[in-house]
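Trainee: I am new to this structure. Please take me closely through one part of it, the contact between the chains, and explain each term as you use it.

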Number of protein chains: 2
Amino acid sequence: MKIIHRPGQSENGELRWQGVPVRAYGPENSGADRATRQVLIGADENSPHFHLRYFAVQPGGHTSLDQHAHDHGVYVLHGRARLCLGSSNDEYEISMGDVIYIPGNEIHQFSTLGDEPFGFLCIVPAQR
Amino acid sequence: MKIIHRPGQSENGELRWQGVPVRAYGPENSGADRATRQVLIGADENSPHFHLRYFAVQPGGHTSLDQHAHDHGVYVLHGRARLCLGSSNDEYEISMGDVIYIPGNEIHQFSTLGDEPFGFLCIVPAQR
C-alpha cells in the first residue's frame, strides 16, 4: 500500500510530517533535547529494501560518533554541520543540498554549525 | 570511499550538482527536453544497497507510466505534480516536502502541475 506523508508545522526550526512520530535521538553528550529522529519510510511502511529517516540537530548538538557495518546516504535539507569522517578524522563542512555517501564501517559524526538547526535525510538499508 | 556532491548552478529551474552528469530522461510523449535525471548515489559511488536519483520534469511534462517490481521512495524538492497511482488510477496532488512510498509493482506516473519544474529525489534498491 502506498504512503504519502505530508509536511506539518515545523517546530524549533525542525521539519515535521503529519502523523509521523517524533523521537528523541539522544546520543551521549548531545543533550537529549538537541536531536530528533523521524522515520519517514521504514518498518511501518513495510519497506523491505531501504529506510528513509529525517534527523534534526539543534545548534550546539551533534549526532553520536557512529560506525556501522551498513552504508548511509545523506541529503542535507537545512542548516550547516561539520562532518567528521573516517579513522583519520577528516572534516568537511556541509550544508543545504549536499549529497553524501558514507560507505559501511566508516566512522562518522555530524556537529551542527551556526545558529540554525541542522536537518538531513538519511537513507539506510532496511536490513542492518 | 566517501563521496560528497555539492550543489551547482541550477538550470531551467532544475537543481544541479557539481560533477554529476545530467541525463535526458525521455519517456515517450514527454518531450525529450522536458525531463532530466541525475544519479547522486549509484553504481559510480559503489553503493551496494540503495541508489538515490534526482528527477526534474518541466511544466507540461511527465514521467513515463511505470510499473516496476521494485519499490520507490520519493521526496519532493520543488514544484507540484499530479501522481497517478495503482491500477485504479488514484490521483494525488503532491508538492514540496511530501514523502511518498510506492511499493513494488504499483503503477505510477508523475505529471508536472503549474509553471514551475517539478523535482524530486527517488530512492530505489541497488539491485533491480
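Mentor: What follows starts with the chain itself and then goes to the contact.

The model is predicted, with local features given where pLDDT is at least 70, side-chain atom pairs counted only at pLDDT 80 or more, and totals for chains, interfaces and linings taken over all residues. Residues are numbered from 1 along each chain as its sequence is written, and chains are lettered from A and ligands numbered from 1 in the order in which they are written.

Take chain A as the building block. Its make-up is 10 strands and zero helices; here helices (H or I, at least four residues) and strands (E, at least two) are DSSP runs, numbered from the N terminus. The radius of gyration of chain A is 14 Å, in agreement with the value near 14 Å for a compact globule of 128 residues; this radius is taken over C-alpha atoms, and the globule rule is 2.2 Å times the number of residues to the power 0.38. Along the principal axes, the C-alpha atoms of chain A fill a box of roughly 45 × 30 × 25 Å.

Next, the relation between the chains. Chain B is superposed on chain A by a rotation of 180° with 0.0 Å of shift along the axis, at an RMSD of 0.0 Å. That is the relation of a two-fold axis. The fit is by least squares on the C-alpha atoms of residues with pLDDT of at least 70 in both copies. Which residue of chain B comes closest to the rotation axis? That residue is Phe50(B), with its C-alpha at 3.3 Å.

Now the contact. Chain A and chain B each put 32 residues into it, where two residues are in contact if their C-beta atoms, placed from the backbone, lie within 7 Å. On the chain B side, the elements that give two or more residues include strand 1 (3-5), strand 3 (35-41), strand 4 (50-57) and strand 8. Of these, strand 8 of chain B gives the most, with four residues. By class, the chain B side has 21 nonpolar, five polar and six charged residues. In this count Ala, Val, Leu, Ile, Met, Phe, Trp, Tyr, Cys and Pro are nonpolar, Asp, Glu, Lys and Arg are charged, and the others, Gly among them, are polar. The copies meet through the same surface, because 100% of the interface residues of chain B are also interface residues in chain A.

Part of this contact is made by strand pairing across the chains. Strand 8 (residues 99-102) of chain A is joined to strand 1 of chain B by three bridges in the antiparallel sense, and DSSP must find at least two bridges between strands for them to count as a pair. One of the partnerships is Ile100(A) with Ile4(B). There is also an open sheet of seven strands, in the order 1(A)-8(B)-5(B)-10(B)-4(B)-3(B)-2(B), with antiparallel pairing. Its edges are strand 1 (3-5) of chain A and strand 2 (23-24) of chain B, each pairing on one side only. Within this sheet, strand 5 (residues 72-78) and strand 10 (residues 118-125) of chain B run antiparallel and are joined by five bridges. Gly73(B) there has Ile123(B) as its bridge partner.

For one residue with partners in both chains, look at Ile41(B), which lies in strand 3 of chain B. Is Ile41(B) buried or exposed? Ile41(B) is buried, because 25 other C-beta atoms lie within 10 Å. A residue counts as buried with 20 or more other C-beta atoms within 10 Å of its own, exposed with 12 or fewer, and partly exposed in between, the C-beta atoms being placed from the backbone. Leaving out residues up to four places away in sequence, Ile41(B) touches Gly73(A), Val99(A) and Tyr101(A) in chain A, and Ser47(B), His51(B) and Leu52(B) in chain B.

Two loop residues can be set beside Ile41(B). Asn105(B), in the loop between strand 8 (99-102) and strand 9 (108-113) of chain B, counts as exposed, with 12 C-beta neighbours inside 10 Å. Its phi is positive, about 70°, although Asn105(B) is not a glycine. Asn46(A) sits in the loop between strand 3 (35-41) and strand 4 (50-57) of chain A and is partly exposed, with 13 other C-beta atoms within 10 Å. Phi of Asn46(A) is near 55°, a positive value in a residue other than glycine.
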